[in-house]
Amino acid sequence: MSDVATMGLIVACAVVLFVWNRLPVVVVAMATGLSLWATGILTLPQALAGFGDPAVMFIAALFVVSASLDRTGVTAWAGQQLIARAGEDSRARLLILNGLLVALLTALISLNGAVAALLPVVVVMAMRLKRNPSQLLMPLVFSAHAGSLLALTGTPVNVLVSEAAADAGFRAFGFFEFTIVGVPLLAGVLTIIVLF
């Protein structure tokens, strides 16, 4: 079997194991790298080099921060503050505050972490306000995507693009350089959410 076919088979197995979700993600990732080493496609330093990459470490740290915010109750507290400030009668104010909260959280801890942390909060908030959860969940996701362009930490793609620019000999992006695009995008998304 050629190296390309072997590598394709290893990557396909890794994807299946990630989707199957019975083994921890760390085990699958390490097994993939070690499989590439065991088949002779990569040397051991090459197989392990990705785990020490600054972008990988940064993204892993974002997931730790996200889990910490959830476990310490900060996101639940933020949801309670959101209900208190929005009130029960103003749909527009609830949607705007909900969108601003998730956008800010996304900018700080990444898209998946923010949505995962606020998802149960928004469902509980919808039940308390006797609203259909989809009326708050869909705007939550759209606002989170818009918020991912507020800061470098908004999404792993921002970090990877910044690192690719630096590797290509250009200047890496600053922490808030994405904000120039993110603020008008978020304002437009919130306007569309409230109007439609």
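So, which exposed residues sit on the face of helix 1 turned away from its buried side? Hold that thought for a moment.

Quick housekeeping: this is a predicted model, so local features need pLDDT of at least 70 and side-chain atom pairs count only at pLDDT 80 or more, while totals for chains, interfaces and linings use all residues. Numbering runs from 1 along each chain as its sequence is written, and side-chain values use heavy atoms, with hydrogens and water left out.

Okay, helix 1. Helices here are DSSP runs of H or I, at least four residues, numbered from the N terminus. Helix 1 covers residues 3–20, 18 in total, and spans 25 Å from first C-alpha to last, close to the 26 Å expected at 1.5 Å a residue; that expectation is 1.5 Å times one less than the number of residues.

Thr 6, Ile 10 and Ala 14 are buried in helix 1, meaning under 20% relative accessible area with a 1.4 Å probe, protein chains only, whereas exposed is over 50%. They lie on the same side of helix 1 because their arc around the axis is only 75 degrees, taken from the directions from the helix axis to the C-beta atoms. Helix 2 (25–38) is part of what covers them. And the answer to my opener: Val 4, Val 16 and Val 19. Just after helix 1, Asn 21 has a positive phi of about 60 degrees.

Last bit, Leu 140. Ignoring neighbours within four places in sequence, Leu 140 is in contact (heavy atoms within 4.5 Å) with Asn 98, Val 102, Val 115, Leu 118 and Val 122.

How values were computed. Helices (H or I, at least four residues) and strands (E, at least two) are DSSP runs, numbered from the N terminus.
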